[in-house]
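User: I am new to this structure. Can you take me through its charged pairs and explain the labels?

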Amino acid sequence: MKDRRDFQPEVKPAGEGRLAHMFSLSAQDYVEMAQRHRRLMALCFFGIMACAILATVAIPAKYKSEVRFLLQRDRIDPVSTASASAPVMFKDTITEEEINSETELMLSDDVLAKVVSDNGLQNQKSLSAALLGRTPSEQERIAKAVKRLRSDLNVAAIKKTNLFSVGYSSKDPQEAQKVLLSLKQAYLDKHIAVHRPVGESAFFKEQADQYKAKLDGLEKQQKDFSASVDGVSPMMARDLSMQKLGDFQSSLETTRASIKEAQQRIADLDRQSASTPARLTTSEKKGQNAVLLEQLKSTLLTLELKRTELLTKYQPDYRPVKEVEQQIAATRNKIEQEEKVRVTESTTDQSPTFAWIDSERAKTKADLEGLKARQTALQGVVGRYAADTRKLDAKGIDQQDLARQVKETESNYLLYQTKYEESRIGDAMDQTKLLNVITANEPGLPTLPVVPPFLFLIAGLAMALALSLAAGLTAEYFDPSFQTPAQVAAELSVPVLAAMPMRADFEVIDRKRPAAIR
């Protein structure tokens, strides 16, 4: 048969008629084509089937375990604030963002690293490390295992629900279940750590203990303070002291007024005393001074007796006699003078006005001294009460400040105690796994593989049929010879008048001829 390359096509592009002819083949044509390229198609078919059988035998079956989590609003944690009543924020719906946040939280590196460490996934042998002949570090092996685990996990949110599922496939069904159990525990721990502040309960407990110790110390100070004032309120004692101080100050002012009054009275009495005579004449007699005359006469008699005695012994011209005579003459003259003088004899008595003024002045002076002494005593008493009032006022301020500190410390203690109880309840709820994320179903132990082995054979058979047919069509497309009259008509656009089938032996001989002879 002539090579179609010896013929020149008319106007069609190269291969266009051939391609159109291949799409118009009948079943018989496909059978003939398969006979012509049976070796190639058989080689392709059996090669692919051999690979499928090898894959079925070599690739182990994988078992998939699954766990589902439900997001809900059953638990509301109070917000940590400085006030006693914390605001409560409540939403009854679960948003898509919250579900996505929880899934991303589950796939975080620290959660997956914990799962890897708990299950020893980092100890799986790596083909690349074996080929390179190097031993990676522990951190590197954990990082690679985390990467493999993240790619092997199948996390998906279930539509129109508050559920999301997590699946994991492994060659060992127990390993698949164990990995999901570890993942569930690590995720719940991470959820608690993220949604509850770390050390909140310990912080509130520490603060409550500190304020309790401070409150005990302040209460002890209150007791000691009360004992120091004998159980009397300093403010009440201050009020009483101020009342007493006012009374004594009033008495002191009264005493000072009395002193001024007494001093003024004494001054007035002094002025009256100066203008009032001390004595008054009660009787008056006029006559000689009998007493003086009597004395002079007695003296005269004595002198005369003395002259007489001297004359008996001496001459009259004796000097002592003359002196006595002179004295006698003088005495007689004096008597004569006194007899001529008239003497007035008056009788006086104490003035009652002056005596009253003097007694009143003495009494007022005595009262003044008493008032001064009272003033001095009152000044001392007022000073003591003023000092006591100042001390009691200072103690009252200290007591009020101490009471204010006790009240403030007690308020802070009760606040932190309440916060501690709230956090302790939250911790207890965390320990009992009373969370807003609950496990809808526990990961079970898978018994059936994800992909049964016979599916590999079926897929290999389908692939082998498809690829062998594709190989036959490709070989037919690139075959330069004409095999059927339809190919000639489609390629050359000329009618075929007759076609003669070639015998098998002639075809063999013809194929062995050189191309030049054909």
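Analyst: What follows covers salt bridges and burial. This is a predicted model, where local features need pLDDT of at least 70, side-chain atom pairs count only at pLDDT 80 or more, and totals for chains, interfaces and linings use all residues. Residues are numbered from 1 along each chain as its sequence is written, and side-chain values use heavy atoms, with hydrogens and water left out.

User: Why is the contact of Glu140 and Lys144 called a salt bridge?

Analyst: A salt bridge needs a side-chain nitrogen of Lys or Arg within 4 Å of a carboxyl oxygen of Asp or Glu. Here N to O is 3.4 Å, so the pair qualifies. By this rule the count comes to 20 salt bridges.

User: What makes Lys184 buried?

Analyst: Buried means under 20% relative accessible area, exposed over 50%, partly exposed in between (1.4 Å probe, protein chains only). Lys184 has 13%, so it counts as buried. Its salt-bridge partner is Glu442, at 2.9 Å, N to O. The two are 258 residues apart and link distant parts of the chain.

User: Why is Glu442 called partly exposed?

Analyst: Its relative accessible area is 45%, so Glu442 falls between the two cut-offs.

User: How do you know whether Glu360 is buried or exposed?

Analyst: Glu360 has 16% relative accessibility, so it is buried. Glu360 forms a salt bridge with Arg265, the closest N and O atoms being 2.7 Å apart. Arg265 has 37%, so it is partly exposed.

User: Which residues form a network?

Analyst: Salt bridges link Arg238, Asp239 and Asp393 in a network.

How values were computed
Helix = DSSP H or I, 4+ residues; strand = E, 2+ residues; numbered from the N terminus.
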